[in-house]
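Let's take a walk through this protein chain, starting at its surface and working toward the charged pairs. Keep the viewer open as you read.

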Amino acid sequence: MRTCDCWQRLNPGMTSHLLWTVWVLGAIISLSKAGTLGQASSLTCDPTGVCDGRSRFLSSIPSGLMATVKSLDLSNNMITYVSTSDLQVCVNLKALRLGSNNINTIEEDAFHSLGGLEHLDLSCNHLSSLSSSWFKPLSSLKFLNLLGNPYKTLGKTSLFSHLTNLRILRVGNADNFTEIQEKDFVGLTFLEELEIDASNLQRYGPQSLKSIPKVSHLVLHMKQPVFLLEMFLDLLSSLEHLELIDTHLNTFRFSKVPVNVTKTFIKKFTFRNVEITDVSFQEVVKLLYYVSGMLDVEFDNCIYRGVGDFDISVPDTVKGLSNVETLTVRRLHIPDFYLFYDLRNIYAFIGKVRRITIENSKVFLVPCSLSQHLKSLEYLDLNENLLVENLLRNSACEDAWPSLQTLILRQNHLTSLEETGEILLNLKNLTNLDISKNNFHPISPTCRWPEKMKYLNLSSTRIDSLTDCIPQTLEILDISNNNLNSFSLTMPHLKELYISGNKLKTLPDASFLPMLLVMRISRNTINTFSKERLDSFQNLKTLEAGGNNFICSCEFLSFTREQRALAQLLTDWPENYLCDSPSHVRGQRVQDTRLSVSECHRVALVSAMCCVLFLLILLTGALCHHFHGLWYMRMMWAWLQAKRKPRRAPQRDICYDAFVSYSERDSHWVENLMVQQLEHFDPPFQLCLHKRDFIPGKWIIDNIIDSIEKSHKTIFVLSENFVKSEWCKYELDFSHFRLFDESNDAAILVLLEPIEKKAIPQRFCKLRRIMNTKTYLEWPTDETQQEGFWLNLRAAIKS
């Protein structure tokens, strides 16, 4: 029901007052949000000329409209007046929507420049009278809506005689429209849809609707069916579909009248929000007597105030029922349902019915005898009812529905898939079965089904695994919206698989589905698929896999870019294919995602970095070797070790008079001369020599440090060999940090042979400085001077 219709259904005296109240309240709310009414938003127009001015609280048609405007929507405003100049420049306007305003006046020439207008909506306004001059210029008009205005008639002259292209017409109102006149629809040649709100109709001019040569669909709002038969007979030769809304058929009585029609075109009757009784149902069925072909009858949201007690022996009723081929019943309410007859009196006349839909009508049983009489039934839809297995067994009894091919039992109360399959074994021709939205968790290991089953819908049935209970004959299987983690059934004939809304992490194995053509597997937890996996489905033509948690790896992105035919295979590509990880591209379309070189070539990058690191290590080693870096590192460690110890060893820990640091190549001089002169002197000196006194197994650096610290003096025997010796370097280096930093005479320098300063390494800068500033003993080559040398050395040790 349209918005304006809702207001029209209120008490007649309240309609205008309530509408005005709503507008006032809306204005107050708008003022509280936007400041003042004058601050309402203006029109918004796109480049194609479509302008939207809905719900802007406009009191008039905006000025400044351009000739480029092709569609203008000003519905739900407060416009009261349409003048000649308002739309004068809109010569290219195709659609004008002025519904749900307060329009009470339209000037005669208001639409004179709108010769190309095709869609005009003036519904739900305050037009108390209609003028034919409004519509004369509108020769291109195809849609016209005049519903919900308070006019009583459609005017004194024919309104629509110039509208030869009109296809959809809606007229009338719930309260004031009381008369349909003979000239009202003159000039209309063909209407796809005619809607008349004649809820309060009091007079119907003879043959008023007969002036329309052809009407595909008539929607008729009538509270009382006073003129229903007369209107029906007028349209008998021109109408295809009659839809009756909000009618109380309790008082309807059919009076047979002679009709000079040899062939009728009516194909469908729809009764919406209609009340009917046993007696009136029998009278309505008589209308079907005039139908020459097979008929589609629909009852939607109707109330049946009866118990099925009607007489079908009347010939007109018999013929009418025999014409019904399709019966649709939705939301039927029967207050006295438990008193309802078993309908045996109509069994003989339902043999031609081929399609039946009974939806959301609390059906819990179809009697076996009724099922057996529905011999031509091919399609049966019983969705949203109360069927259970025990009662379904009675409905699908032996010889029931012998021609049935499609059965829909969606959203009932079935719980056993095995029992359901067994019950339906009697339906030998059943090929399509929809038992979705039932609860089949868990399902049995094996089941039996009708041999011709091709289609099975098990969506939204809470199953979490599949077994051999699923028939192997299927060509189409729908198991969407369940809790499945995998698909491992072999289905040799399956052509279409719908498995969206589950928990699958990968595509099914193609070997299970050799004939598959269509697969919809969206909204699972699939994170990738490869060319090899897709190619394994040799016959696959359509794949829908959007809405999954795709990991946008370099391999996956490369695959999607390289496969140009992917867009033809994936029906929802690229809109529904979004990255879930890495996190920095989450939410981006797979098609638009680009990863950095470091992300896509990580192995190569790591290898390159390792190579660079290796080269850096080699270079560092070479530099360390060339610039004695290793020496600096070793001496730093030794220095740090020495720093942890006391600056000087206690006097009681002094074990040697002197520690002798010398090169192994100078050992002959030290061991044969120095040792003899010092250790065999009286009193003897105790020397510390590395060959003799270092503790075996102890780290050599610790031996050096301990020996120096336990010696009163340190004698350095300097020579060309000394400065080339690695260990002499360590001994000299430690004393370089330890002894020379203490600014004392603990070090005794003995120059065994002349040394050029350039031979002393640059890192021994302090040694150079000390040799330049301190006295050192020089070994004389003249034997007469050697005794003085030893005398000076002994004195230096004792000092």
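The accessible surface of the protein chain adds up to about 38900 Å², and carbon and sulfur atoms own 54% of that. Keep in mind as you look around that this is a predicted model. Within the 799 residues of the chain, 49% are buried. As for the fold, you'll be tracing 22 helices and 35 strands. Contacts between residues with a separation of 6 or more are worth a glance too: 62% of them come from residues 24 or more positions apart.

Stay on the outside for a moment and find the nonpolar patch. Val612, Leu613, Leu616, Ile617, Leu619, Leu623 and Phe627 make it up, and together they put about 680 Å² of accessible area on the surface. One of them, Leu616, sits in helix 14, which covers residues 602-626. Is Leu616 buried or exposed? Neither, quite: its relative accessibility is 45%, so Leu616 counts as partly exposed, since that label covers the range from 20% to 50%.

For contrast, swing over to helix 18, residues 700-709. This helix is mostly covered, with eight of its ten residues buried. The buried ones are Ile701, Asn703, Ile704, Ile705, Asp706, Ser707, Ile708 and Glu709, and you'll notice that Asp706 and Glu709 are on that list.

Next, the largest pocket. Its volume is about 1200 Å³. Which residues lie closest to its centre? Out of 42 lining residues, those are Leu327, Phe340, Leu343, Ile346 and Ile358. Several elements give two or more residues to the lining: helix 5 (278-287) is one, and the strands are strand 15 (268-272), strand 17 (295-300), strand 18 (303-305), strand 19 (324-330) and strand 20 (355-359).

Now for the charges. The structure holds 28 salt bridges, and three of them make good stops. Begin with Lys183 and Asp184, whose closest N and O atoms are 2.9 Å apart. Asp184 has 0% relative accessibility, so this residue counts as buried.

The second stop is the salt bridge between the side chains of Glu243 and Arg272, at 2.8 Å from N to O. This pair ties together distant parts of the chain, with Glu243 in strand 14 (residues 239-245) and Arg272 in strand 15, 29 residues apart. The two ends of the bridge get different labels for cover. Glu243 counts as buried because its relative accessibility is 8%, while Arg272, with a relative accessible area of 23%, is partly exposed; the cut-off for buried is under 20%.

The third stop pairs Glu664 with Lys691, where the side chains meet at 2.5 Å, N to O. Here too the bridge links distant parts of the chain: Glu664 is in the loop between strand 31 (656-661) and helix 16 (667-679), Lys691 belongs to helix 17 (residues 690-693), and 27 residues separate them. Glu664 is partly exposed at 42% relative accessibility, and Lys691 is partly exposed as well, at 47%.

Before you leave the charged pairs, go back to the second stop and look for its partners. Glu243 and Arg272 belong to one network with Asp300 and Arg331, joined by salt bridges that share partners.

Note on methods
Residues numbered from 1 in each chain as written. Predicted model: local features only at pLDDT ≥ 70, side-chain atom pairs only at ≥ 80, totals over all residues. Heavy atoms only, no water. Helix = DSSP H or I, 4+ residues; strand = E, 2+ residues; numbered from the N terminus. Buried < 20%, exposed > 50% of the residue type's maximum accessible area, 1.4 Å probe, protein only. Contact = heavy atoms within 4.5 Å. Areas by Shrake-Rupley, 256 points an atom, 1.4 Å probe, with all protein chains shown as cover. Patch = residues over 30% accessible without salt bridge, like charges linked within 9 Å, V, L, I, M, F, W, Y side chains within 5 Å. Salt bridge = Lys/Arg side-chain N within 4 Å of Asp/Glu carboxyl O. 1 Å grid on protein atoms, 1.4 Å probe; cavity = no way out; pocket = protein on both sides within 12 Å on 5 of 7 lines; lining within 4 Å. Points joined across faces, edges and corners; volume = space filled by probe spheres on them.
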